[in-house]
Protein chains: 2
Amino acid sequence: MAVDREQVLRAAASLLMRKSTATMDEVARAAGISRATLNRQFAGRDALIRALEELGIAECEAAATRAVVDDGPAPDAVRRLVRELEPAAGLLAFLYSENQLFEGDEQNKGWARLDARMVGLFRRGQEAGEFRIDLSPVWLTEALYGLLVSAAWAISEGRVAPNDFTTNITELLLGGATRRQV
Amino acid sequence: MAVDREQVLRAAASLLMRKSTATMDEVARAAGISRATLNRQFAGRDALIRALEELGIAECEAAATRAVVDDGPAPDAVRRLVRELEPAAGLLAFLYSENQLFEGDEQNKGWARLDARMVGLFRRGQEAGEFRIDLSPVWLTEALYGLLVSAAWAISEGRVAPNDFTTNITELLLGGATRRQV
DNA sequence: CCAATATGAGACATCAATGTCTCATATGAG
DNA sequence: CTCATATGAGACATTGATGTCTCATATTGG
């Protein structure tokens, strides 16, 4: 009887990342509940989006923790991080396109924490001499987000194979497109 | 007296890429015209978005032409392309987040032409031995879009310097984040 | 079994955006 | 100057989504 709030959020994410303009009624139907119940769980569309944002942040932070991004060589940490982020990439892509999340007031503290963690990873790699220093850690972080979103989008459109998710991102981010000298 | 349709489009783009949910009234005001006139120029919001899409495609194709992407070493062509695409990056970022453009019917033929051109560039680089072959040209194209959008977004948020646009993208796309062996 | 609670279905008013219309005014061509 | 045309301001109805409410039903706990 009790509605599984987590499951509702996941159904909403699954629908909204495909059709970001979906109606609350469509969201409710996708979650297998009525619109009334959806409104009892989340007071309005804004609240739902905010909850999805919190879910996305939590999933990314959990991924970073599972990937133990502060241990070992930074390139390996990046590979682990991307692999762990894969399940959250679709949700991330949706939130990324909701730029209205950041208009007006302060940026969500959760994103700031996450950003700091990723920036720290790239900075650590630079200080260890593993990453080049002419690309700022902030830009590398933004680029990682962009590649995650691109990959999730391209996969959902059927343009690239789902299995290549981690490889595509990590190889491009770490090694670039240019062929290495033999 | 006569409204400059091109100028209206640019004003709309400039506003919408910052606030994608802007009202037709806000768009009209941003363009310095009345809502009635805006509706006389573009029959509804959909028509406006479509026109922006056409503008974005035209600008990207013009950039590709100016960059003569079919000439010379592929890495250099990529650098020229990104440099020429910089003015269109903001509009591209807006269109990228309008994923509803592609829901339903056929993908716009303009995008397909543009995609083919970029994919051809990366394939040419692979066949010349300049680009690695374990990353598909399609993925490299998608990644380029993603990096363009990320960079435009990061710059508009003040997180990275506008002057670094081209360098950030080309260096990461071509060379990756890993430090080269000395 | 009974009571408490949660849900579904639907009706309802509200609200914001949109598209259309009218009319007065401003602009440009001849 | 005069006329044709474009624009601005505003009113108007329409539409679609939203939030709330009621009541019947289903589920759970005791």
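The crossing of H7(B) and H8(B) is right-handed, meaning that the near helix is turned clockwise, not anticlockwise, from the far one by less than a right angle. This is a predicted model, in which local features need pLDDT of at least 70, side-chain atom pairs count only at pLDDT 80 or more, and totals for chains, interfaces and linings use all residues. Residues are numbered from 1 along each chain as its sequence is written, while chains are lettered from A and ligands numbered from 1 in the order in which they are written.

Let's stay with this helix pair. Helices here are DSSP runs (H or I, at least four residues), numbered from the N terminus. The axes, lines fitted to C-alpha atoms over the stretch in contact, with angles from 0 to 180 degrees between N-to-C directions, come within 8 Å and cross at roughly 120°. H7(B) is therefore oblique to H8(B). Contact means C-beta atoms, placed from the backbone, within 7 Å.

| Helix | Residues | Contact residues |
|---|---|---|
| H7(B) | 109–127 | Asp115(B), Met118(B), Val119(B), Phe122(B), Arg123(B), Gln126(B) |
| H8(B) | 137–156 | Pro137(B), Val138(B), Leu140(B), Thr141(B), Leu144(B) |

Now for the two copies. Superposed by least squares on C-alpha atoms of residues with pLDDT of at least 70 in both, chain B fits chain A after a rotation of 180° with 0.0 Å of shift along the axis (RMSD 0.1 Å). That is the relation of a two-fold axis.

Finally, the DNA. Among the 17 residues around DNA strand C (C-beta within 6 Å of the strand), Val3(A), Ser34(A), Thr37(A), Met24(B) and Gly44(B) come nearest. H3(A) gives the most to this surface, with three residues.

Terms used: Helices (H or I, at least four residues) and strands (E, at least two) are DSSP runs, numbered from the N terminus. Angles under 35 degrees count as roughly parallel, over 145 as roughly antiparallel, 65 to 115 as roughly perpendicular and the rest as oblique. Two residues are in contact if their C-beta atoms, placed from the backbone, lie within 7 Å.
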